[in-house]
Amino acid sequence: MRQKKLLGEIGASILIIEDSPTQAEDLQYLLEQNGYKAQTVPDGQRALDVLAKDLPDLIISDIIMPEMDGYQVCKHIKLGERTKQIPVILLTSLSGSEDVLQGLECGADYFITKPFDDKYLLTSVERILLSRRER
């Protein structure tokens, strides 16, 4: 667990794309309590606006959102020259095999279904950030 502590100390930044204010706030709180810097936006278009100015270390996105769904956002991120290296976790209540396949096809690095276990999510975030850092 020392590795997670190190990531928290350096304040890895995470962009949360979630249209539910309650879920966005809960996720932001969980991440911040574990040493990460978390920012939330309510939809995909606002996420792309943020990414035009600032690049986070990781993105966690819901799939079902107004205006632009998580699959579309992920495709934009993975096709962007500046953003393609940012890991993306798709976090959703969808769990059918076709949903997971579509998530992988759009370039998502990880797919986690809701409701999720806090420890599992934190372990996944840690693993992805450590892997990215080692590259």
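This dialogue works through the main features of a predicted model of a protein chain.

Colleague: How many helices and strands does the protein chain have, and which pattern do they follow along the sequence?

Modeller: The protein chain holds six helices and five strands. Read along the sequence, the pattern is α-β-α-β-α-β-α-β-α-β-α. Of its 135 residues, 46% count as buried. Among contacts with a separation of 6 or more, 63% are between residues 24 or more positions apart.

Colleague: In what order do the strands stand in the sheet?

Modeller: The five strands form an open sheet in the order S2-S1-S3-S4-S5, with parallel pairing. Strand S2 (37-41) and strand S5 (110-113) are the edge strands, each pairing on one side only. Neighbouring strands of this sheet are turned by 20° against each other on average, with direction ignored.

Colleague: How many bridges join strand S1 to strand S3, and how many pair S3 with S4?

Modeller: Strand S1 (residues 13-17) and strand S3 (residues 58-61) run parallel and are joined by four bridges. Within that pairing, isoleucine 14 stands opposite leucine 58, and leucine 15 stands opposite isoleucine 59. On to the next pair, S3 and S4 are linked in the parallel sense over three bridges. Here valine 88 in S4 is the bridge partner of isoleucine 59.

Colleague: Which way do the residues of S3 point, and are they buried or exposed?

Modeller: In a regular strand the side chains alternate between the two faces of the sheet. In S3, Leu58 and Ile60 point one way, Ile59 and Ser61 point the other way, and all are buried. A like reading applies to S4. Val88, Leu90 and Thr92 on one side of S4 and Ile89 and Leu91 on the other are all buried, and both faces are covered. Five of the five residues of S4 are buried.

Colleague: Which strands do helices H3 and H6 touch or lie across?

Modeller: Helix H3 (residues 44-53) lies across S1, S2 and S3 and runs at about 155° to S1. Helix H6 (residues 118-134) also packs on the sheet, touching S1, S3, strand S4 (88-92) and S5. The direction of H6 makes about 175° with that of S5.

Colleague: Which residues line the largest pocket, and how much space lies in it?

Modeller: About 150 Å³ of space lies in the largest pocket. The lining consists of Glu18, Gln23, Asp26, Leu27, Leu30, Leu91, Lys114, Phe116 and Asp118. By class, that lining has four nonpolar, one polar and four charged residues. Helix H2 (residues 21-33) gives the most to the lining, with four residues.

Colleague: Where does glutamine 23 lie, and with which residues is it in contact?

Modeller: Glutamine 23 lies in helix H2. Leaving aside neighbours within four places in sequence, glutamine 23 is in contact with Glu18 and Lys114, both of which also appear in the pocket lining. Glutamine 23 counts as partly exposed because its relative accessibility is 37%, a value in between the limits of 20% for buried and 50% for exposed. A position distant in sequence may be checked as well: aspartate 62 is 39 residues away along the chain, and the two C-alpha atoms are 9.8 Å apart.

Colleague: Where is aspartate 118 found, and how far apart in space are aspartate 118 and leucine 27?

Modeller: Aspartate 118 is found in helix H6. Its relative accessible area is 41%, so aspartate 118 is partly exposed. Aspartate 118 and leucine 27 are 91 residues apart in sequence and 8.9 Å apart in space, C-alpha to C-alpha. Both belong to the lining of the largest pocket.

Colleague: What should one look for in the backbone, and which bond is cis here?

Modeller: Most residues other than glycine have a negative phi, and most peptide bonds are trans. In this model, a cis peptide bond joins lysine 114 and proline 115, with omega about -10°. Proline 115 is placed in the loop between S5 and H6.

Colleague: What is the phi of glutamate 67, and where is this residue found?

Modeller: Glutamate 67 has a positive phi, near 70°, although it is a residue other than glycine. Glutamate 67 is found in the loop between S3 and helix H4 (70-79). With a relative accessibility of 71%, glutamate 67 counts as exposed, since exposed means over 50%.

Key:
Residues numbered from 1 in each chain as written. Predicted model: local features only at pLDDT ≥ 70, side-chain atom pairs only at ≥ 80, totals over all residues. Heavy atoms only, no water. 1 Å grid on protein atoms, 1.4 Å probe; cavity = no way out; pocket = protein on both sides within 12 Å on 5 of 7 lines; lining within 4 Å. Points joined across faces, edges and corners; volume = space filled by probe spheres on them. Helix = DSSP H or I, 4+ residues; strand = E, 2+ residues; numbered from the N terminus. Nonpolar A, V, L, I, M, F, W, Y, C, P; charged D, E, K, R; others polar. Pairing = 2+ DSSP bridges. Axes fitted to C-alpha atoms, helices over the stretch in contact; angles between N-to-C directions. Contact = heavy atoms within 4.5 Å. Buried < 20%, exposed > 50% of the residue type's maximum accessible area, 1.4 Å probe, protein only.
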